[in-house]
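Me: Please take a close look at the aromatic ring pairs in this model, and tell me what surrounds the residues that form them. I would like one connected account, with every cut-off spelled out.

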Amino acid sequence: GCFVFKPSTKKRRSSEKAAHDFRSRSDDAEDTELRFVTCQSLWKQIKSETEQIQEDLNKQLLDNLVSFLSRSHSEFQEKTTEWTCRMKFREIPTAALVLGVNVTDHDLTFRGLSDALQDNITPYIALLEAKDCPGIKNLMQKLMGQLMNCDIDVDSLEDEDCVQVSQNRIRCSMSSLISWYESVTKKTDSETPSKKRNSSSRHWQSPPVIVIFKDMESFTTKVLQDFIVISSQHIRELPLVLIFGIATSPMIIHRLLPHSVSSLLCIELFQSLSCKEHLSTIIDKLLLTPRFPFKLGEKVLQVLINIFLYHDFSVQNFIKGFQLCIVEHFYSQPLSVLCCQLVDVKKRVYSLSHGQCENIRRLPSFRRYVEKQESGKQVALLTNDSFLKEETEKLLEDLHVYHENYVSILRCLHVFTSSLPKYPLGKQIRELHCACLETRVWETEEYESSLQLARMLNKTDLVTMLQQCVEILMSSSGKEFDKTVEKLKEFLTQFQNLEAEASQERDVSVSSQKELQKKTDLYHLQKTLLELKESRRSKKLTKFEMLRFEVVDYIDSLVRKYLVPADHRTLHEIMYFNAATVLRGHLNAAPRTALHTALNNPHWYLKNQALKCDGGGISNKAPDICIVYKLHLECGRLINLVDWLEAFSTVVMAAEEPNADAASSDQVDDTIHARFIRAVSELELLGFIKPSKQKTDHVARLTWGGC
């Protein structure tokens, strides 16, 4: 994969400047401030929820790592037999952390790991990247530079400690590192009990030094070998622990390091959670919940999922795309001020202006709603703002109720479909959610095949699914599911009664078989066998099969009632972001189209009226590269540089007075010549032309066709 790391900006814009930019870009000035505040508040809630989800997902991994490091350190601290044996062989405790190919998410994991280690194990942690460590000297400088700044807690630093720590001229070697570590640990031990309790009470007496290689595959073999060999020779004096961040496979350790070096490591493997499972949890907690009023339309959600699955597997990029959807929705939709919690709906609806009421009347879903009403109500909705506000409040409350019911029934349907063979509607709930948003799911072939498979489930699976559905509906905040829960419990009771009846039928069948064996008369025996054969031909459904059909039909009725696509609901445009084309334009870059637009029509980006040309003309006010580019579009495969220069000079000098100096007209000015050479060089750098071997004074054109 190819991954882009954008540099982090040091200066962040203040919220006031962001609000000003939001207002200046907005087409509708009404309630812009409230829309911005609502957008900001919603994103803060979602961001907080996302961070908590990621912390919970990584908790098991971080706990295992902390446990491993604690064991490694305690062995060094207590000088146990195992650590003595390890020192004899010069083995370094090493954690191989397999994080997956979603390298853009690794920073968050390492940040959480570093915080967890600093809180529980040691303050001495260094995070190294391959780009900063091309050689062993650079690695040691980076390592010691990071460790020198974290030897004592900030609260317990004194002036003389700061001076000693901030000394720059320190020889970067392992012996210097060991001397520094011994001095720091002795200084910590010699502190007064109260000061020691305040500064390092949460750390061990001789905390280990942890070195994290964030991207092990990118480190050169020689740098890793030299560092491991040098460190193993000083493992008695320095409690060093290594953590390798691996994106591909643990086998990369043995590919990068020969056996003589890898034998110096005591490696333990740790596997992070799959990025697909991570994404499913994010979607489950952020989108399939009534907590957040903002929702993604089917096409928008599909764009984000496709980028995740086919580009980078990055959960962080998915969240950034989700944030972009929120900003774009609140910027482009004037009625997004109503995309709020249910408790705030009434207050905001009755504060709407006449212009916003007209915006509601223009919504396609509201037009369809008005067409279905009687004539008197239609007139009131289109002319009376007060009546419109009352109706809008009811419709928005219905939309919130729809979300609550939708999520609960969707989870119940997923309980059934996820246990079916071949997963007709998908294994993940996000696949089922996309199918329900796209169309009436009960009209699809996949749904019909799912019902047919559900009608063949055994009793144990059915009972388990019904119990899970009862738990889901009882935990739901929807108020319409009391009768549904009672019905499902009634089904469970009937299945229990069937089990008792089945045991009695087994006893009756055994007794009938014994009576059949007692009948020795050939006539009666043939008659009985014919009756059994006839009964098998005209076999009726058993009570279990009838009950199973009834259960599946009842679930089908719930699906048809509650899983109506969101775009069939009135005022769904207020809460659903459906501009997939806009999102795709932001996330899926089209550099060829953008480059052609910039060079062919610079006014599109620069917004300078002097650059605006009608009829395909060339303005002499345009940048030189734009003039050269438009001239080269008129040429064939080979371009004569002399003719190109003369055409460029003609365009540039078009604004000069006609009585200009005659000498300058015969000979191109040196300044224009230099400008032309620079513009041609820029075109060559961009890949539009290349030097030609056929003719020395010609260049070859490389691009054809329009964009």
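Reply: Happy to help; here is some background, then the ring pairs, then a few residues from the helices around them.

This is a predicted model, in which local features need pLDDT of at least 70 and side-chain atom pairs count only at pLDDT 80 or more, while totals for chains, interfaces and linings use all residues. Residues are numbered from 1 along each chain as its sequence is written, and side-chain values use heavy atoms, with hydrogens and water left out.

The chain has 33 helices and ten strands (DSSP runs numbered from the N terminus, with helices being H or I of at least four residues and strands E of at least two). Of its 707 residues, 44% are buried (under 20% relative accessible area, with exposed meaning over 50% and partly exposed in between, using a 1.4 Å probe and protein chains only). Contacts here mean heavy atoms within 4.5 Å. Taking those between residues at least 6 apart in sequence, 75% join residues at least 24 apart.

Now to the rings themselves. Rings of Phe, Tyr and Trp (its six-membered ring) pair if their centres lie within 6.5 Å; planes under 30 degrees apart are stacked, over 60 edge-to-face, and the rest tilted. That rule gives 16 aromatic pairs. One of them joins phenylalanine 481 and tyrosine 562: the ring centres are 5.4 Å apart and the planes meet at 65°, so this pair is edge-to-face. The two residues are 81 apart and bring together distant parts of the chain, since phenylalanine 481 sits in the loop between helix H22 (459-475) and helix H23 (482-518), and tyrosine 562 belongs to helix H25 (residues 543-562). Both partners are buried: phenylalanine 481 has 1% relative accessibility, and tyrosine 562 has a relative accessible area of 6%.

Another pair is made by phenylalanine 648 and phenylalanine 676, with centres 5.7 Å apart and planes at 45°, so it counts as tilted. This pair also links distant parts of the chain, with phenylalanine 648 in helix H31 and phenylalanine 676 in helix H33 (residues 670-686), 28 residues apart. Phenylalanine 648 is buried at 0% relative accessibility, and phenylalanine 676 is buried at 5%. Elsewhere, ring pairs connect Phe213, Phe219, Phe227 and Phe244 into a cluster.

Helix H31, which spans residues 641-652, also holds leucine 645. This leucine is buried too, with a relative accessible area of 13%. Its C-alpha atom is 9.8 Å from that of valine 680, and the two residues are 35 apart along the chain.

Back at helix H22, which comes before the phenylalanine 481 loop, methionine 465 is worth a look. It is buried, with a relative accessible area of 5%. Leaving aside neighbours within four places in sequence, methionine 465 touches Val415, Phe416, Ser419 and Leu457. For Phe416, the C-alpha atoms of the two residues are 6.6 Å apart, although 49 residues separate them along the chain.

One more ring has a charged partner. Tryptophan 604, in helix H29 (residues 603-606), has lysine 607 over its face, at 5.4 Å from the ring centre (a charge sits over a ring if NZ of Lys or CZ of Arg is within 6 Å of the ring centre and within 35 degrees of the ring normal).
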